[in-house]
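Hi,

Here is the structure we talked about, ready for you to open in your viewer. My notes come right after it.

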Amino acid sequence: MKRQESRKKKFDIWLRLWKCLGEYKKILIINRTNMSANILKEARSALQPLGAKLLIGKNTLIKAGIRRKMQKPVKSDEDYKIRSENYKPMPELEKLLNICNGDIALIFCKDNLDEVRNKLKEFEDVTSVKTCLLYTSPSPRDLSTSRMPSSACKKKKKKK
């Protein structure tokens, strides 16, 4: 019983992650070391009016969710029905997997990256911010199969 509840919670986090990966084009990755739950709650509330979504979870769970999103659904999978409905190959997630290290939180943004970054500056405990641009839908300028340029993931240090 307890194991099933734990599995359901993990899958619910994966569903939220997958929804964000499909809906948002840009991700800010913040180092949340030494950030209290209260500050994270305040940050989530401050980012909500900007249309940004803060997702916090264990890195192993987030990475497993990203890997699962990248895999093509197979009929023998438990979650085949859910995943097959909106599956599309997303090779750009490989870059995101590589920079999801340490104690982090993901902030999903649409087009207002600078506004979100400026709002984060209000919180002293945010020590570093990494930016990852996800091109989840092909644009006319992208002719290759990989839609994420190698320079899309950059680490930005907070200026004091």
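Below is what came out of the analysis, from the overall fold down to single residues.

A word on the ground rules: this is a predicted model, in which local features need pLDDT of at least 70 and side-chain atom pairs count only at pLDDT 80 or more, while totals for chains, interfaces and linings use all residues. Residues are numbered from 1 along each chain as its sequence is written, and side-chain values use heavy atoms, with hydrogens and water left out.

**Overall picture**

The protein has 6 helices and 5 strands (DSSP runs numbered from the N terminus, with helices being H or I of at least four residues and strands E of at least two). Along the sequence they come in the order α-β-α-β-α-α-α-β-α-β-β. Of its 160 residues, 40% are buried (buried means under 20% relative accessible area, exposed over 50%, partly exposed in between, with a 1.4 Å probe and protein chains only). Among contacts with a separation of 6 or more, 78% join residues 24 or more positions apart (contact means heavy atoms within 4.5 Å). The exposed area is about 10200 Å², of which carbon and sulfur atoms supply 51% (Shrake-Rupley method with a 1.4 Å probe; for residues, only the protein chains shown count as cover).

**Pocket and cavity**

Both are found on a 1 Å grid over the protein atoms alone: a cavity is a set of points where a 1.4 Å probe fits but cannot get out, a pocket is an open set with protein on both sides within 12 Å along at least five of seven lines, and lining residues have an atom within 4 Å of a point. Grid points are joined across faces, edges and corners, and a volume is the space filled by probe spheres set on the points.

The largest pocket holds about 260 Å³. Its lining is made of Arg-7, Lys-10, Phe-11, Trp-14, Leu-61, Arg-68, Glu-78, Asp-79 and Ile-82. Helix H1 (2-23) and helix H3 (59-70) are the elements that give two or more residues to this lining, and H1 gives the most, with 4. By class, the lining has 4 nonpolar, no polar and 5 charged residues (Ala, Val, Leu, Ile, Met, Phe, Trp, Tyr, Cys and Pro count as nonpolar, Asp, Glu, Lys and Arg as charged, and the others, Gly among them, as polar).

There is 1 cavity of 30 Å³ or more, with a volume of about 50 Å³. Trp-18, Arg-68, Lys-69, Gln-71, Arg-83, Asn-86 and Tyr-87 line this cavity. Arg-68 thus appears in the cavity lining and in the pocket lining.

**Two one-sided helices**

In helix H2 (residues 37-47), the buried residues are Ile-39, Leu-40, Ala-43, Ala-46 and Leu-47. Seen down the axis, they fall within an arc of 125 degrees, so they line one face of H2 (the arc is that of the directions from the helix axis to the C-beta atoms). They pack against strand S2 (53-55), S3 and H6, while exposed Ala-37 and Lys-41 sit on the face turned away.

Helix H6 (residues 113-120) buries Leu-113, Val-116, Arg-117 and Leu-120. Those residues also line one face, because they fall within an arc of 100 degrees.

**A buried cysteine**

Cys-100 lies in the loop between helix H5 (93-99) and strand S3 (104-109). Cys-100 is buried, with a relative accessible area of 1%. Beyond its neighbours within four places in sequence, Cys-100 is in contact with Lys-63, Ile-66 and Leu-106.

Best wishes
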